[in-house]
Amino acid sequence: MKNQNYINGQWVDAHSGKTLGVENPYTEDIITHVPASGETDVNHAVDAAKNAFEIWRKMVAAERCELMNDMAKKSRDNAEELAKTVTAEMGKPFSEAMEEIETVADYLEYYSQLARDHVGRIVAPVDSRSMSLVRYEPFGAVGCIIPWNYPLSLMGWKLAPVLAAGNTIVMKPSEISSLSILHWIDIAGGDMPDGVMNVITGYGKEAGEALVKHPDVPVITFTGSVVTGKRIARLAADNLKKVSLELGGKDPVIICDDADIDVAAKGTSWGGFLNAGQVCTSIERVYVFDTIADAFTEALVAEAKKVRLGNPMDEATDVGPMSSEMQFAKAQEKVDLAIKEGARVLTGGQRSEKFDKGYFYEPTVFDQVTSEMDIVTEEAFSPVIPIQRVGSIEEAIQLSNSTRYGLGCTIFTRDIEKALTAADDIKSGTFCINNPLMENIAAPFGGMKQSGIGREHGIEALEEFREAKHIFIDYDHSNKDWWYGNEE
Ligand code: NAD
């Protein structure tokens, strides 16, 4: 398997020769090492992307579409092999890794076609025998920084609109899950013109920051934590770069008194424990109406206990290990703090004792939780669900809006008035009724408040990577009476 940087169509080591280890979180073995890249490597990758831009941007959209569809096909043809790499380095169940491959293929096909349909517009002329065209143009070499929780899906969310818009790309995967992206490039990228897609692996502080600071990278698209997002925005400001930031969340779910308790408990369990809680739109807070709180809590605890932890390659596994020792330690830290602050563990709250190794954390449910606790205000990114009781939809809305995050929100209710009132008044980029974590390739996805700037998916993502140019055409070709020397 390829374990080097991919620059200008070549596989190369870091200039310094430094590497970092990639660990399998199920076996705790180091699978391989990848380059710990630095500024020199980033410079080479950006040069390659900058040169390739002159070729890629001049290709007609249909040609780009063909090359992107070819990559989609190669992804699907090699899905199992690719999914095994995702599972090996990240720990998610194989079936979920397979969905990531499908996502990449789907996004490549969708955006390559969308970019053929949406190239610009004609607006009303300011004069007779004139025309105003608005044309969307690519920026150049886009820098793309990716987290580890959905390495290939999140790569696809960015790569597809970036390329379809006519830009080239330098990608910096997470140090925890670089192999999936290198493997994907190896499988799918061979027929692309050299330099259009480049990958440099390494740590955020070195490779990531060098990319953000590079003066020839006009756009940075970043997915990751709020802390890193703020740092990137500050660094990017020095060169007035455009940034799109897809950041963390603390998504609430509201369980109304008319909801089907069984459906709401199952949905909450899935939404909170999927991918071991390592989803940006994971359910991280529950606001349940007083009148059904006991029954709902009991049902949620029962669902949490049913979640099958295990070998991520095993079909019977619902949830694999957490993706790294660091993430596992963070889960324990969050739980310990919640207990210290007075929350009560109803189930979980510790490493799973069923396994000798692997970063397995038990699905955890808390009650006796208050709004000031860290477990309610800060993203945990762990399989941990705190429950609070509310007396009305107004209180649920007010509490839902009480954090600095605004990524997603879910409500379980059969009452459409309650659902749409909450949709009106809750500040979140996505609002789901009766089904958490739902996305649609054609509908925008992103965060309000400190959960981000910009949108992925839909036409909105394409617009993140293009800028508008006004082309004015005068087909009268005569002297104008307002030009100097033409006065009566
Ligand atoms: P992170 O911010 O630690 O790292 C994300 C990426 O940024 C990695 O590639 C890392 O190497 C790089 N990086 C770190 N410091 C950097 C710096 N100073 N300059 C440039 N790059 C730097 O986040 P993570 O732990 O990998 O991912 C988890 C976070 O991502 C969570 O907060 C989660 O909510 C968020 N996330 C958001 C979305 C979304 O779409 N909104 C999706 C997935 C994950």
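**A ligand between two domains**

Asparagine 434 has a relative accessible area of 36% and is therefore partly exposed, as this value falls between the bounds of under 20% for buried and over 50% for exposed. The model in which this residue is described is a predicted one. Asparagine 434 belongs to the loop that runs between S19 and strand S20 (448-449). Its backbone also deserves attention: phi is positive, at about 70°, although the residue is not a glycine. Most residues other than glycine have a negative phi. Asparagine 275 likewise has a positive phi, near 55°, without being a glycine. This residue is placed in the loop between helix H9 (261-273) and strand S13 (283-289). With a relative accessibility of 5%, asparagine 275 counts as buried.

Strand S19 comprises residues 430-433, and threonine 430 is found in it. Threonine 430 is buried, its relative accessible area being 15%. Apart from neighbours within four places in sequence, threonine 430 is in contact with Leu407, Gly408, Cys409, Met438, Phe445 and Gly446.

The wider frame is given by the domain assignment, which divides the protein chain into domain 1 (5-247 + 447-472) and domain 2 (251-433). The C-alpha centres of the two domains are 31 Å apart. Across the boundary, 27 residues of domain 1 are in contact with 32 residues of domain 2.

Where does the ligand lie with respect to domain 1 and domain 2? Both domains give residues to the shell around the ligand, so the ligand lies between them. The ligand is surrounded by 28 residues, and the closest are Lys172, Glu175, Ser225, Leu247 and Glu379. By class, the residues of this shell divide into 13 nonpolar, 9 polar and 6 charged. Helix H7 (204-213), strand S10 (219-223) and helix H8 (226-237) each contribute at least two residues to the shell.

Oxygen atoms of the ligand pair with both side-chain and backbone atoms of the protein. Lysine 172 places an N or O atom of its side chain 2.7 Å from an oxygen atom of the ligand. From the backbone, an N or O atom of isoleucine 146 is 2.8 Å from a ligand oxygen, and an N or O atom of the backbone of glycine 224 is 3.3 Å from an oxygen atom of the ligand. The ligand would expose 840 Å² if taken alone, and the protein buries 90% of that area.

Helix H7, one of the elements that supply the shell, can be followed further into the protein. Within H7, the residues Ala207, Gly208, Glu209, Ala210, Leu211 and Val212 are buried. Packing against the buried residues of H7 are helix H1 (39-56), strand S7 (141-145), strand S8 (168-172), S10 and H8. S10 and H8 thus appear both in this packing and among the elements that supply the shell around the ligand.

Two further buried positions merit a closer view. Phenylalanine 296, in helix H10 (residues 290-306), has a relative accessibility of 0% and so counts as buried. When neighbours within four places in sequence are set aside, its contacts are Ile255, Ile261, Ala264, Ala265, Thr268, Val286, Val288 and Ile387. One of these contacts, alanine 264, is 32 residues from phenylalanine 296 in sequence, and the C-alpha atoms of the two are 7.9 Å apart in space.

Methionine 322 is located in the loop between H10 and helix H11 (325-340). Is this loop residue buried or exposed? Methionine 322 counts as buried, because its relative accessibility is 0% and buried means under 20%. Beyond its neighbours within four places in sequence, methionine 322 is in contact with Pro25, Ala276, Gln278, Gln327, Phe328, Ala331, Tyr359, Tyr361, Phe381, Ser382 and Pro383.

Pro25 leads on to another position: Pro25 is in contact with methionine 322 and is also touched by alanine 88. Alanine 88 lies in helix H3, which spans residues 79-90. With a relative accessible area of 24%, alanine 88 is partly exposed. Not counting residues up to four places away in sequence, alanine 88 touches Glu23, Asn24, Pro25 and Ile31. Alanine 88 and leucine 179 are 91 residues apart along the chain, and 9.4 Å separates their C-alpha atoms.

Notes
Residues numbered from 1 in each chain as written. Predicted model: local features only at pLDDT ≥ 70, side-chain atom pairs only at ≥ 80, totals over all residues. Heavy atoms only, no water. Near = heavy atom within 4 Å. Polar contact = N/O pair within 3.5 Å; in protein donor to acceptor, adjacent residues only side chain to side chain. Areas by Shrake-Rupley, 256 points an atom, 1.4 Å probe, with all protein chains shown as cover. Helix = DSSP H or I, 4+ residues; strand = E, 2+ residues; numbered from the N terminus. Nonpolar A, V, L, I, M, F, W, Y, C, P; charged D, E, K, R; others polar. Domains from an automatic or database assignment. Buried < 20%, exposed > 50% of the residue type's maximum accessible area, 1.4 Å probe, protein only. Contact = heavy atoms within 4.5 Å.
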